Structures are given as structure tokens and as C-alpha cells.
Amino acid sequence: MSDGVETFTIRVIDLKQYVYCPRILYYQVVLPAVRPLTYKMEAGITAHQVEEGREKRRSLRSYGLADGECTFNVPLFSAALGLSGILDMVIETETELIPVDYKQSRKIGKHVKLQLMAYGRLLELAHPTGKPVQRGFLYLIPERKATAVPFTPSLRRQLNQAITGLQQIIWQQQMPAPAKQPAQCVDCEFRRFCNDVVT
Ligand code: SF4
């Protein structure tokens, strides 16, 4: 096993690629130098920074909350899960901890719910107060709208399955099956490595 793989930790943002096509993560692990920071990624980072400034001026009424304390850019890590991430915001109320993830998107897909659940799980494991983490909010920047996502047993199960799948890719370095929909491969930056897909 190479040094690069020994030190590899799953990032919460990796769940996006995993849901889209698990093979993308495989390439990122075995070919870590091939993927540059794209313009879209840079634009997303800037949008998050702008949103953080707005959030500091915004009332918690956007989240249906009367009060709470907000902390921004919270680093989270669990050695047990081999998972890490930087959460955009945590709201701490008298009774609960609530993760908030900003998204540069107008829709809520499966992968963003899974990412939010992952932040919630990391918060549960990391926070010394032991307050429950039962829900999170996705804040859609273009819509300026917060949507609550309950952390249901089903969503928790989906996260566990995804983490297990990701761990298998990383530790066993087995190439997963290609994307289910060939149309996904047409504009994929890793297309040149996938000789078994027909597009
Ligand atoms: S080309 Fe298709 S199968 Fe290969 S990594 Fe991209 S999306 Fe996945």
C-alpha cells in the first residue's frame, strides 16, 4: 500500500463523487495528482466566503429559530470513521446542535443530504456537550433559502453504507463498476481512464 493511501482520509465532499460515480473517487485515490482545482471549485469557495459574511448579519429566523450561537468553518474529524470535513456553520441552541451546509445550487440532491448527514455524524462524535444532532439545514445560496433535513434512520443507514463503500475503494484499491448511466461519462474528466465504458 502506498504512503498516499495510508494517510488518506475520506472527506465529506467525497460523498458527492461517490453518489455520482464511485469510480471517480477511486481515481482520486490511485491517481491523486491528476485532478486540478477547477474554476468551478474556485468559484464555489468564493461563494461560500461571501455567504459566510452575509450569514453573520442574517437573523436565525431564516432557520425558524429564536436564538442560538453560530460558529463558522468548523473542522471535524473522526479517526473511527476515517472521515473529515469543514462544516460551514454550526448552530448551538439550548437543546441541540444543528449543522448548516451552504450550497451553490437550486436543488437538493441525494448527495447533499448525505454530506449534511456526514457533518451531523461528525458533530455527534466530536462535540463535548453531548447535545443531540437530529437535523441539519441546507442553505441554497441562489435561492437564499434554508431547508431542514431530518436525520432519519434511513439517511443514517445510507451514510454508513456509503462510508463502507468508500473505505473499500480506498483500502482495497479495487476499481468499482462504472457509472450506471453512460451519459454521465460523456463529459467526465476521467473518461480517458475508463476503457470499459461506451459513450
Ligand atoms: S468515465 Fe464514467 S465510469 Fe469512468 S469515472 Fe467518469 S463517470 Fe465514472
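This is a stop-by-stop tour of the structure above, saying what to select and what you'll find there.

**Before you click**

You're looking at a predicted model, where local features need pLDDT of at least 70 and side-chain atom pairs count only at pLDDT 80 or more, while totals for chains, interfaces and linings use all residues. Residue numbers start from 1 along each chain, as its sequence is written.

**The whole chain**

Select the protein chain and colour it by secondary structure. It holds 6 helices and 6 strands; these are DSSP runs numbered from the N terminus, with helices being H or I of at least four residues and strands E of at least two. Reading from the N terminus, the order is α-β-α-α-α-β-β-β-α-β-β-α.

Of the chain's 199 residues, 25% count as buried. Buried here is 20 or more other C-beta atoms within 10 Å of a residue's own, exposed is 12 or fewer, and partly exposed is in between, with C-beta atoms placed from the backbone. As for contacts (C-beta atoms, placed from the backbone, within 7 Å), 63% of those with a separation of 6 or more link residues 24 or more positions apart.

**Stop 1: helix H5**

Select residues 110–126. That's helix H5, 17 residues reaching 24 Å from first C-alpha to last, close to the 24 Å expected at 1.5 Å a residue. (The expected span is 1.5 Å times one less than the number of residues.) Is H5 largely enclosed, or largely open? Largely enclosed by the rest of the structure, because 12 of its 17 residues are buried. Among them are Leu114, Leu116, Met117, Tyr119 and Leu123, and the list also includes Lys113 and Arg121.

Keep H5 on screen and add Pro99, in strand S4 (residues 97–103). Pro99 is buried, with 29 other C-beta atoms within 10 Å. Leaving out neighbours within four places in sequence, Pro99 contacts Leu87, Val90, Leu116, Tyr119, Gly120, Leu123, Val133 and Gly136. You can also draw a distance from Pro99 to Gln134: they sit 35 residues apart along the chain, with their C-alpha atoms 9.6 Å apart.

Now add Leu155, in helix H6. Leu155 counts as partly exposed, with 18 C-beta neighbours inside 10 Å. Not counting residues up to four places away in sequence, Leu155 touches Lys113 and Met117. Between Leu155 and Met117 the C-alpha distance is 7.1 Å, across 38 residues of sequence.

**Stop 2: where H3 meets H6**

Select residues 22–30 (H3) and 153–172 (H6). Two packed helices are described by the angle between their axes and the distance between the axes. For H3 and H6 the angle is about 35° and the axes are 9 Å apart. The axes are lines fitted to C-alpha atoms over the stretch in contact, and angles run from 0 to 180 degrees between N-to-C directions.

Show side chains for Pro22, Leu25, Tyr26 and Val29 on the H3 side, which meet Gly165, Leu166, Ile169 and Ile170 on the H6 side. By class that contact has 7 nonpolar residues, 1 polar and no charged. (Ala, Val, Leu, Ile, Met, Phe, Trp, Tyr, Cys and Pro are nonpolar, Asp, Glu, Lys and Arg charged, and the others, Gly among them, polar.)

Which residues of H3 are buried? Arg23, Ile24, Leu25, Tyr26 and Tyr27. Their cover includes helix H2 (14–20) and H6.

**Stop 3: around the ligand**

Select the ligand and the residues near it (C-beta, placed from the backbone, within 6 Å). You should pick up Cys21, Arg23, Ile24, Pro178, Ala179, Gln184, Cys185, Cys188, Phe190, Arg191, Cys194 and Val197. This shell has 9 nonpolar, 1 polar and 2 charged residues.

**Stop 4: strand S6 and two backbone oddities**

Go to Thr147 in strand S6. Thr147 is partly exposed, with 16 C-beta neighbours inside 10 Å. Setting aside neighbours within four places in sequence, Thr147 contacts Ile108, Phe137, Leu138 and Leu140. Tyr63 is 84 residues from Thr147 in sequence but 7.9 Å away, C-alpha to C-alpha.

Next, select Arg144, in the loop between strands S5 (135–140) and S6 (145–150). Arg144 isn't a glycine, yet has a positive phi of about 50°. Arg144 is exposed, with 11 other C-beta atoms within 10 Å.

Finish at Gln173, in the segment after H6. Gln173 is another non-glycine with positive phi, near 50°, and is partly exposed with 13 C-beta neighbours inside 10 Å.

Terms used
Expected span 1.5 Å × (residues − 1).
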